[in-house]
Amino acid sequence: MATVGSTALDELLATLNPPQREAVEHLDGPLLIFAGAGSGKTRVLTARVANLIAQRKVWPDRLLAVTFTNKAAREMRERVGRLVEGADRMWVGTFHAMAVRMLRRDAELLGIPRSFTIFDEDDSRSAMNRVLKDLALDPKRFPPRRLLEHISRAKNELLDPETMPVESRSDELVRRAFARYQEVLRTSGALDFDDLLLQAVRLLQSSPEALERWRDRFRYVLVDEYQDTNHAQYVFVNLLAAEHRQLAVVGDDDQSIYSFRGADVRNILSFEKDYPDAKVVRLEQNYRSTQPILDAAYRVIVRNPERAEKRLWTPRAGGERVVAAQLYDEVEEAEYVADEIERLRRQEGLGYRDVAVLYRINAQSRAFEDVFGRRRIPYRLVGGIRFWERAEVKDVLAYLRLIQNPADLVSFARIANVPRRKIGSVTVEAVVTAAQARSQDVVQVLGDAGAIEAVPRAAARPLEVLRRQLESLRAMVGALTVADLIGQVIEVMGLEHHYRDGSPQGDARMENLDELRGLAREYDFLQDRAQALEQFLTEIALRSDVDSYQEDDEGVTLITLHMVKGLEFPVVFMVGMEDGLLPHSRAISDPDQMPEERRLCYVGITRAQNRLYLTCAFRRHLYGESRPCQPSRFLQDIPKSLLARPTRGAAPIPPPRQSRREQLFEYQTRPASVAPPVARFHAGQQVEHPIFGRGVVVKSTLTRGDEELVVRFDSGVKILSGTVAPLTVR
DNA sequence: TTTCTGGGCCTACAT
DNA sequence: GGCCCAGAAA
């Protein structure tokens, strides 16, 4: 084997730098690779895997590679496939995907049906609302989200209701909610995201036979993004690798940004303690960015305590300085970005696909969508108001899930009255309670709903009709493709009439369903129709928004700092560089979270190859109100020598507030006068300032307590408070 | 009991 | 801007 591509592999090996080569050629025993941003990690991993197959003659199906996204998994398989044969038989995927594959085979050893449904976050919330009702808890005092956070944290620590520590009365309530929640999942034949990992671990812990079998299967284990593993994932990996000790982990503690999902940087930092004989390799040569960009990144990250010291370097000479600019508000920020993109296109032949706009929260994309739409700048939005979260898509998926798993209480509750069929909340309640009490499939319960006391008499007929419809659809599963089954659901349930209400939104809803059918056609090749349905639903549940990202599509990329990890762009705009956004206000009030915000900033900066822009707004409209903002404290960590003066309508970042001079002249959150201001200035007016000199007013905006001015001085653009700054009209 | 409408509340990051 | 709930009408 491994003859086809061996020359290609040799060529690749010849281009590696010494530490990269070490990482590829260390084939025996534990290996830890610290791979800095842009250090050629993907090349190393592919070469390593190909090397194992070609040199070590390891069977590809004995290799397990855990990646962070499905996209990364696909890429690794493709790239290894170009080097050696048999790559399609490797096990490559995310932790969750691997857990599902194992559980689809072995779930019954744990008393879980193999055709379990996967609950997403929405489903979990519905399930929790049900729990609150059952336990008569006030959702105001016990917000479902909060309870689910607790439960998620517990599950990531491999705890269950019996083993979780209870130290207070409220812990006890969490424990009861947890137990009840698991009960709802169990009667629904469902697992939530955290259960997938937890149960995979349980499987390995409780069944020696399964442990033996999976260990034997995965002789070589490789884990990417190890810094983002949580405790459950850590145990999973280490259980699998304990016997053969052929474990290679790759990561960068500076890029650990998923602690809110339970990720623990200590997993990577203590790898050498776990495996004292581990070989450690550091990849610090950067093949991506210019030195000024790397320096800026270093200045930000170096202030974090408890990091493994490393500094990226590049032999590449020169490079533009980083542009830091302050704009008036989020609309002007987007306009500025649009101006710069068009300028770089004209002057440097830049393509739209070379540009990314990175932000902290999805809500920030709106201003860019508006401005780019108006200015005909093509863009692609990653994440955000997602296709899969649209009501009509979720409705149809709930139907499919209920057809596939007639016990799924959450899906039943969702579609019971969609379209309206006189099955209201009281009826749904009664049916669900009965299903739980009898431990019976909810669809089965619909059959004799008339016999259930709590079910309103008027509801018996519509329930029976619904049951017949669901059963008839269920009977079609083996015969129809998923796309055709979706068509039948729409037809039998009369969904077109329900969604198409004559409005443009109604038409859009049906278009979304057409798109869903289109996506389902990708499973047409599977001859086993029932399996196609199961796979379709599984992959949808575990899909990530970056998975569908195509590098060569046209358009500016709009993406969050979390999802952009692993991507790179010639030109990067990091927008909303303000205290409150980055670092996020929640992190400011919880100092434990600050290092992570810093890492997020670091991840963003290191995405840039040639040009980096950091922008902030003076005033921002967010969460339904408009507020003045302070530039991000992270901006102050980047020395002036690395920064360039912004072009055109933008102002440089003002120094921090502590400066007395700034306090005197620039905007203050509590203006001296409480009276509603009157406009004293207007655009075009010539003014004079004791420090900045002569200038021209570019813009005046009246806000509740102030008149805010954008003024162009010889020294550059400034944003000032009209009521506070000592400006005189010339 | 279901359906419809308006007001109050909360608001990251995401497999 | 989205979700939940209260209150009124059918």
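Start by selecting F536: this residue is buried, with a relative accessible area of 1%. The model is a predicted one, and the tour below goes from one selection to the next.

**Stop 1: F536 and its surroundings**

F536 belongs to helix α25. Show the side chains around F536 and leave out the neighbours within four places in sequence. Which residues is F536 then in contact with? They are L397, L400, V482, I486, L516, L519, A520 and Y523. For Y523, draw a C-alpha to C-alpha line to F536: the two are 13 residues apart in sequence and 6.9 Å apart in space.

**Stop 2: helix α22 against helix α25**

Now select residues 482–493, which form helix α22, together with residues 529–542, which form helix α25. Two packed helices are described by the angle between their axes and the distance between the axes. Here the axes come within 9 Å and cross at roughly 80°. The range for roughly perpendicular is 65 to 115 degrees, and α22 is therefore roughly perpendicular to α25.

Which residues make the contact? On α22 they are V482, L485 and I486, and on α25 they are A532, L533 and F536. By type, the residues of this contact are six nonpolar, no polar and no charged. F536, the starting point, is thus met again here, with V482 and I486 of α22 among the residues it touches.

**Stop 3: the second largest pocket**

Stay with α25 and turn on a pocket display. The second largest pocket has a volume of about 1700 Å³. Its lining consists of 42 residues, and the closest to its centre are N70, Y523, E539, R543 and D547. Select those five to find the place. Y523 has already appeared as a contact of F536.

To see the walls, colour the elements that give two or more residues to the lining: α4 (70–81), β3 (91–93), α5 (95–106), β11 (379–381), α24 (504–520) and α25. Which of them gives the most? It is α25, with eight residues. Coloured by type, the lining divides into 17 nonpolar, 10 polar and 15 charged residues.

**Stop 4: helix α16 and the residue after it**

Next, select residues 365–374, helix α16. Its buried residues are S365, A367, F368, E369, V371 and F372. An α-helix has 3.6 residues a turn, so residues three or four places apart point the same way. The buried residues of α16 pack against α15 (330–348), β10 (355–359), β11 and β12 (556–560). Strand β11 was also one of the elements in the lining of the second largest pocket.

Move on to R376, which lies in the loop between α16 and β11. R376 has a positive phi of about 60° although it is not a glycine. Is R376 buried or exposed? Its relative accessibility is 72%, so it counts as exposed.

**Stop 5: E225**

Select E225, in the loop between β6 (220–223) and α11 (231–241). Phi of E225 is also positive, near 55°, and E225 is not a glycine. The relative accessible area of E225 is 10%, under the 20% cut-off, so E225 is buried.

**Stop 6: two cis peptide bonds**

Go to V418 and P419, which are joined by a cis peptide bond with omega about -5°. P419 sits in the loop between α18 (409–415) and α19 (425–438).

Then go to L582 and P583, where the peptide bond is cis and omega is near 0°. P583 is in the loop between β13 (569–574) and α26 (585–588).

**Stop 7: R598 and Q444**

Select R598, in helix α27 (residues 594–605). At 12% relative accessibility, R598 counts as buried. Leave out the neighbours within four places in sequence, and the contacts of R598 are V300, I301, R303, N304, F634 and D637.

The last selection is Q444, in helix α20 (residues 442–447). Q444 is partly exposed, with a relative accessible area of 46%. Draw one more C-alpha to C-alpha line, from Q444 to R467: the pair is 23 residues apart in sequence and 7.8 Å apart in space.

Notes
Residues numbered from 1 in each chain as written. Chains lettered and ligands numbered in written order. Predicted model: local features only at pLDDT ≥ 70, side-chain atom pairs only at ≥ 80, totals over all residues. Heavy atoms only, no water. Axes fitted to C-alpha atoms, helices over the stretch in contact; angles between N-to-C directions. Helix = DSSP H or I, 4+ residues; strand = E, 2+ residues; numbered from the N terminus. Parallel < 35°, antiparallel > 145°, perpendicular 65-115°, else oblique. Contact = heavy atoms within 4.5 Å. Nonpolar A, V, L, I, M, F, W, Y, C, P; charged D, E, K, R; others polar. 1 Å grid on protein atoms, 1.4 Å probe; cavity = no way out; pocket = protein on both sides within 12 Å on 5 of 7 lines; lining within 4 Å. Points joined across faces, edges and corners; volume = space filled by probe spheres on them. Buried < 20%, exposed > 50% of the residue type's maximum accessible area, 1.4 Å probe, protein only.
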